[in-house]
Amino acid sequence: MTEEIAADDAYARETEATVLESGEQGVVLDRTVFYPRGGGQPGDTGSLRWEGGEVRVADTVRRDGRILHVVEEQPPPVGTAVTAAIDWDRRHTLMRTHTALHALSGVIWRDFNAKVTGGNMDVGTARMDFELDEMSGEFGREVEGKLNAALAEDRPVHVRFLPRDEALADPELIRTKVNLVPDSVDPIRVIDIEGIDRQADGGTHVRSTGEVGRVAVTKTESKGKAFKRIRIALDEG
Ligand SMILES: [Zn+2]
(Lines give C-alpha, C1' and ligand atoms only; values in the text may rest on other atoms or scores of the structure.)
Protein backbone atom coordinates (compact mmCIF):
# COMPACT_ATOMS: atom_id res chain seq x y z
CA MET A 1 0.00 0.00 0.00
CA THR A 2 1.15 3.50 -0.79
CA GLU A 3 0.80 6.30 1.74
CA GLU A 4 -1.28 8.93 -0.11
CA ILE A 5 0.02 12.25 1.15
CA ALA A 6 -2.21 14.34 -1.15
CA ALA A 7 -5.32 12.98 0.60
CA ASP A 8 -4.32 14.89 3.75
CA ASP A 9 -2.04 17.60 2.44
CA ALA A 10 -2.76 18.89 -1.05
CA TYR A 11 0.09 21.39 -0.68
CA ALA A 12 2.89 18.80 -0.35
CA ARG A 13 5.00 19.20 -3.49
CA GLU A 14 7.56 16.46 -3.00
CA THR A 15 8.51 13.56 -0.78
CA GLU A 16 11.30 11.10 -0.23
CA ALA A 17 10.14 7.57 -1.04
CA THR A 18 11.25 4.02 -1.83
CA VAL A 19 10.40 2.11 -5.01
CA LEU A 20 8.18 -0.91 -4.22
CA GLU A 21 7.45 -2.02 -7.80
CA SER A 22 9.03 -1.05 -11.07
CA GLY A 23 8.04 -2.09 -14.56
CA GLU A 24 6.85 -1.09 -18.02
CA GLN A 25 3.48 0.04 -16.63
CA GLY A 26 5.06 2.35 -14.10
CA VAL A 27 6.52 2.78 -10.64
CA VAL A 28 4.84 2.11 -7.28
CA LEU A 29 6.26 3.94 -4.25
CA ASP A 30 5.79 3.41 -0.50
CA ARG A 31 4.54 7.00 -0.24
CA THR A 32 3.72 9.70 -2.76
CA VAL A 33 2.49 13.27 -3.24
CA PHE A 34 1.15 12.38 -6.73
CA TYR A 35 -2.65 12.36 -7.16
CA PRO A 36 -3.91 9.47 -9.32
CA ARG A 37 -6.45 10.40 -12.01
CA GLY A 38 -9.99 10.11 -10.63
CA GLY A 39 -13.23 11.91 -9.81
CA GLY A 40 -12.80 14.06 -12.90
CA GLN A 41 -9.37 15.34 -11.83
CA PRO A 42 -6.42 14.48 -14.10
CA GLY A 43 -3.45 12.57 -12.66
CA ASP A 44 -0.36 14.49 -11.61
CA THR A 45 2.77 14.86 -13.70
CA GLY A 46 6.26 15.47 -12.34
CA SER A 47 9.52 13.63 -11.81
CA LEU A 48 11.27 10.90 -9.85
CA ARG A 49 14.91 11.68 -9.05
CA TRP A 50 17.52 9.45 -7.47
CA GLU A 51 21.27 9.24 -7.22
CA GLY A 52 22.39 8.98 -10.82
CA GLY A 53 19.00 9.22 -12.49
CA GLU A 54 15.75 11.01 -13.18
CA VAL A 55 12.56 10.18 -15.07
CA ARG A 56 9.52 12.24 -15.98
CA VAL A 57 6.17 11.07 -14.69
CA ALA A 58 3.72 11.60 -17.56
CA ASP A 59 0.59 10.59 -15.64
CA THR A 60 -0.54 9.00 -12.39
CA VAL A 61 -3.26 6.35 -12.29
CA ARG A 62 -4.80 3.89 -9.85
CA ARG A 63 -4.57 0.23 -10.91
CA ASP A 64 -5.78 -2.60 -8.68
CA GLY A 65 -5.55 -0.37 -5.63
CA ARG A 66 -1.98 0.68 -6.41
CA ILE A 67 -0.87 4.16 -7.42
CA LEU A 68 1.15 3.89 -10.61
CA HIS A 69 3.55 6.66 -11.62
CA VAL A 70 3.53 6.30 -15.40
CA VAL A 71 7.03 6.84 -16.80
CA GLU A 72 8.18 6.79 -20.42
CA GLU A 73 11.87 6.09 -19.81
CA GLN A 74 13.80 3.47 -17.83
CA PRO A 75 12.28 3.41 -14.33
CA PRO A 76 14.41 3.19 -11.15
CA PRO A 77 14.78 -0.39 -9.83
CA VAL A 78 12.93 -1.75 -6.78
CA GLY A 79 14.48 -0.52 -3.54
CA THR A 80 15.77 2.77 -4.98
CA ALA A 81 15.43 5.83 -2.71
CA VAL A 82 13.82 8.57 -4.82
CA THR A 83 12.56 12.12 -4.50
CA ALA A 84 9.05 12.25 -5.99
CA ALA A 85 8.07 15.78 -7.03
CA ILE A 86 4.90 16.96 -8.77
CA ASP A 87 4.65 19.77 -11.33
CA TRP A 88 3.33 22.19 -8.74
CA ASP A 89 2.03 24.99 -10.96
CA ARG A 90 -0.07 22.51 -12.93
CA ARG A 91 -1.36 20.82 -9.76
CA HIS A 92 -2.19 24.11 -8.06
CA THR A 93 -4.19 25.19 -11.11
CA LEU A 94 -6.03 21.85 -10.94
CA MET A 95 -6.77 22.44 -7.24
CA ARG A 96 -8.23 25.86 -8.06
CA THR A 97 -10.22 24.35 -10.94
CA HIS A 98 -11.58 21.53 -8.78
CA THR A 99 -12.66 23.85 -5.96
CA ALA A 100 -14.31 26.16 -8.53
CA LEU A 101 -16.30 23.20 -9.86
CA HIS A 102 -17.56 22.23 -6.39
CA ALA A 103 -18.51 25.86 -5.72
CA LEU A 104 -20.41 25.93 -9.04
CA SER A 105 -22.34 22.82 -8.06
CA GLY A 106 -23.16 24.36 -4.67
CA VAL A 107 -24.36 27.64 -6.17
CA ILE A 108 -26.57 25.92 -8.76
CA TRP A 109 -28.12 23.79 -6.04
CA ARG A 110 -28.60 26.71 -3.64
CA ASP A 111 -30.14 29.10 -6.16
CA PHE A 112 -31.72 26.82 -8.79
CA ASN A 113 -32.29 23.54 -6.96
CA ALA A 114 -30.64 21.54 -9.72
CA LYS A 115 -28.47 18.47 -9.21
CA VAL A 116 -25.20 17.66 -10.90
CA THR A 117 -25.23 14.73 -13.32
CA GLY A 118 -21.62 14.80 -14.49
CA GLY A 119 -18.45 16.79 -14.77
CA ASN A 120 -14.86 16.81 -15.86
CA MET A 121 -11.87 19.10 -15.62
CA ASP A 122 -8.63 19.98 -17.30
CA VAL A 123 -5.91 22.37 -16.20
CA GLY A 124 -7.78 25.66 -15.71
CA THR A 125 -10.97 24.64 -17.51
CA ALA A 126 -13.91 22.43 -16.56
CA ARG A 127 -17.45 21.47 -17.45
CA MET A 128 -20.38 20.38 -15.36
CA ASP A 129 -23.79 18.96 -16.31
CA PHE A 130 -26.98 19.78 -14.44
CA GLU A 131 -30.58 18.59 -14.28
CA LEU A 132 -31.79 21.99 -15.45
CA ASP A 133 -34.76 22.56 -17.77
CA GLU A 134 -33.53 25.82 -19.28
CA MET A 135 -30.16 27.11 -20.38
CA SER A 136 -29.08 30.33 -22.05
CA GLY A 137 -26.17 32.70 -22.35
CA GLU A 138 -28.01 35.06 -20.04
CA PHE A 139 -28.36 32.31 -17.45
CA GLY A 140 -24.63 31.64 -17.81
CA ARG A 141 -23.81 35.26 -17.02
CA GLU A 142 -26.10 35.16 -14.00
CA VAL A 143 -24.38 32.01 -12.74
CA GLU A 144 -20.97 33.58 -13.35
CA GLY A 145 -21.91 36.53 -11.14
CA LYS A 146 -23.25 34.33 -8.35
CA LEU A 147 -20.24 31.99 -8.52
CA ASN A 148 -17.71 34.83 -8.34
CA ALA A 149 -19.59 36.45 -5.47
CA ALA A 150 -19.45 33.15 -3.54
CA LEU A 151 -15.74 32.63 -4.28
CA ALA A 152 -14.91 36.21 -3.26
CA GLU A 153 -16.31 35.50 0.22
CA ASP A 154 -13.05 33.57 0.76
CA ARG A 155 -14.77 30.65 2.42
CA PRO A 156 -12.56 27.99 4.06
CA VAL A 157 -12.34 24.60 2.34
CA HIS A 158 -12.11 21.70 4.80
CA VAL A 159 -10.99 18.13 4.18
CA ARG A 160 -12.79 15.82 6.61
CA PHE A 161 -12.85 12.08 7.10
CA LEU A 162 -16.38 11.13 8.27
CA PRO A 163 -17.43 7.71 9.57
CA ARG A 164 -19.45 6.06 6.80
CA ASP A 165 -22.66 5.93 8.91
CA GLU A 166 -22.44 9.65 9.60
CA ALA A 167 -21.77 10.52 5.95
CA LEU A 168 -24.71 8.41 4.72
CA ALA A 169 -27.05 10.28 7.11
CA ASP A 170 -25.98 13.77 5.98
CA PRO A 171 -28.70 15.22 3.67
CA GLU A 172 -26.22 17.32 1.71
CA LEU A 173 -23.96 14.33 1.12
CA ILE A 174 -26.97 12.24 0.08
CA ARG A 175 -27.80 14.90 -2.52
CA THR A 176 -24.30 14.50 -3.95
CA LYS A 177 -24.70 10.69 -4.09
CA VAL A 178 -22.49 9.63 -1.20
CA ASN A 179 -24.23 6.24 -1.45
CA LEU A 180 -22.23 5.57 -4.65
CA VAL A 181 -19.01 5.44 -2.64
CA PRO A 182 -18.05 1.72 -2.49
CA ASP A 183 -19.17 -0.10 0.71
CA SER A 184 -15.59 -0.84 1.70
CA VAL A 185 -14.73 2.86 2.05
CA ASP A 186 -14.92 3.97 5.70
CA PRO A 187 -14.24 6.67 6.73
CA ILE A 188 -15.42 8.70 3.74
CA ARG A 189 -13.36 11.70 2.66
CA VAL A 190 -15.48 14.83 2.38
CA ILE A 191 -14.65 18.23 0.91
CA ASP A 192 -16.59 20.94 2.72
CA ILE A 193 -16.61 24.44 1.23
CA GLU A 194 -18.07 26.20 4.24
CA GLY A 195 -21.67 27.19 3.59
CA ILE A 196 -21.58 26.40 -0.14
CA ASP A 197 -21.00 22.75 -0.93
CA ARG A 198 -20.22 19.50 0.80
CA GLN A 199 -19.49 16.28 -1.06
CA ALA A 200 -17.61 13.00 -0.86
CA ASP A 201 -14.52 13.51 -2.95
CA GLY A 202 -11.03 12.14 -3.41
CA GLY A 203 -9.53 15.15 -5.18
CA THR A 204 -7.19 17.96 -4.22
CA HIS A 205 -8.50 21.42 -3.36
CA VAL A 206 -7.24 24.86 -2.33
CA ARG A 207 -7.55 26.03 1.30
CA SER A 208 -10.13 28.73 0.65
CA THR A 209 -12.29 29.97 -2.19
CA GLY A 210 -10.34 33.23 -2.41
CA GLU A 211 -7.39 31.24 -3.73
CA VAL A 212 -9.47 30.16 -6.75
CA GLY A 213 -9.65 33.74 -8.03
CA ARG A 214 -12.24 34.75 -10.58
CA VAL A 215 -13.95 32.28 -12.88
CA ALA A 216 -15.58 32.88 -16.25
CA VAL A 217 -18.53 30.92 -17.65
CA THR A 218 -17.21 30.31 -21.17
CA LYS A 219 -20.08 28.32 -22.67
CA THR A 220 -23.59 27.11 -21.95
CA GLU A 221 -25.04 24.15 -23.83
CA SER A 222 -28.31 22.26 -23.93
CA LYS A 223 -27.58 18.58 -24.45
CA GLY A 224 -31.18 17.47 -23.96
CA LYS A 225 -34.09 17.51 -21.53
CA ALA A 226 -32.80 18.10 -17.98
CA PHE A 227 -29.28 17.85 -19.40
CA LYS A 228 -27.61 21.25 -19.50
CA ARG A 229 -23.87 21.91 -19.57
CA ILE A 230 -21.87 24.81 -18.19
CA ARG A 231 -18.21 25.31 -19.11
CA ILE A 232 -15.95 27.42 -16.93
CA ALA A 233 -12.38 28.69 -17.06
CA LEU A 234 -10.16 30.22 -14.41
CA ASP A 235 -9.67 33.88 -15.14
CA GLU A 236 -5.89 34.42 -15.19
CA GLY A 237 -6.16 38.06 -16.22
ZN1 LIG B 1 -14.68 16.79 -6.89
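This report describes the fold, one sheet, the zinc site and some backbone features of a predicted model.

## Overall fold

The chain contains five helices and 15 strands. Along its principal axes, the C-alpha trace spans about 55 × 45 × 35 Å. For 237 residues, a compact globule would be expected to have a radius of gyration near 18 Å, and the value of 19 Å for the chain agrees with this.

Buried residues account for 49% of the 237 residues. The surface that the chain exposes amounts to about 11,400 Å², and carbon and sulfur atoms supply 46% of that area. Contacts that link distant parts of the sequence can also be counted: among contacts between residues at least 6 apart in sequence, 65% join residues at least 24 apart.

## A three-stranded sheet

One part of the fold is an open sheet of three strands, arranged in the order S11-S12-S13 with antiparallel pairing. Its edge strands are S11, covering residues 157-162, and S13, covering residues 197-200; each of these pairs on one side only. On average, neighbouring strands of this sheet are turned by 20 degrees against each other, if direction is ignored.

Strand S12 consists of residues 188-193, and its antiparallel pairing with S11 extends over six bridges. In one of these pairings, Val157 has Ile193 in S12 as its bridge partner. Helix H2, formed by residues 88-112, lies across S11, S12 and S13. The helix runs at about 115 degrees to S13.

## The zinc site

The protein donors of the zinc ion are NE2 of His98, NE2 of His102 and OD of Asp201. These donors lie 2.0 to 2.1 Å from the ion. Along the chain, the donors follow the spacing H-x3-H-x98-D.

The two histidines belong to helix H2, the helix that lies across the sheet described above. Because His98 and His102 are four residues apart in this helix, they are separated by about one helical turn. Both His98 and His102 are buried.

## The loop between H5 and S12

Most residues other than glycine have a negative phi, and most peptide bonds are trans. Two residues in the loop that leads from one element to the next deserve attention against this background. Pro187 is found in the loop between helix H5, residues 171-175, and strand S12. A cis peptide bond joins Asp186 to Pro187, with an omega of about 5 degrees.

Lys177 is found in the loop between H5 and S12 as well. Although Lys177 is not a glycine, its phi is positive, at about 65 degrees. The relative accessibility of Lys177 is 38%, a value between the limits of 20% for buried and 50% for exposed residues, so Lys177 counts as partly exposed.

## The loop between S14 and S15

Ala226 lies in the loop between strand S14, residues 215-224, and strand S15, residues 227-234. Ala226 is not a glycine, yet it has a positive phi of about 55 degrees. With a relative accessibility of 28%, Ala226 counts as partly exposed.

Methods. Residues are numbered from 1 along each chain as its sequence is written. This is a predicted model: local features need pLDDT of at least 70, side-chain atom pairs count only at pLDDT 80 or more; totals for chains, interfaces and linings use all residues. Side-chain values use heavy atoms; hydrogens and water are left out. Two strands pair if DSSP finds at least two bridges between them. Axes are lines fitted to C-alpha atoms, for helices over the stretch in contact, and angles run from 0 to 180 degrees between N-to-C directions. Contact means heavy atoms within 4.5 Å. The radius of gyration is taken over C-alpha atoms; the globule rule is 2.2 Å times the number of residues to the power 0.38. Buried means under 20% relative accessible area, exposed over 50%, partly exposed in between (1.4 Å probe, protein chains only). Accessible areas come from the Shrake-Rupley method with a 1.4 Å probe; for residues, only the protein chains shown count as cover. Donors are N, O and S atoms within 2.8 Å of the metal (3.2 Å for Na, K and Ca); water is not among the atoms, so sites may look incomplete.
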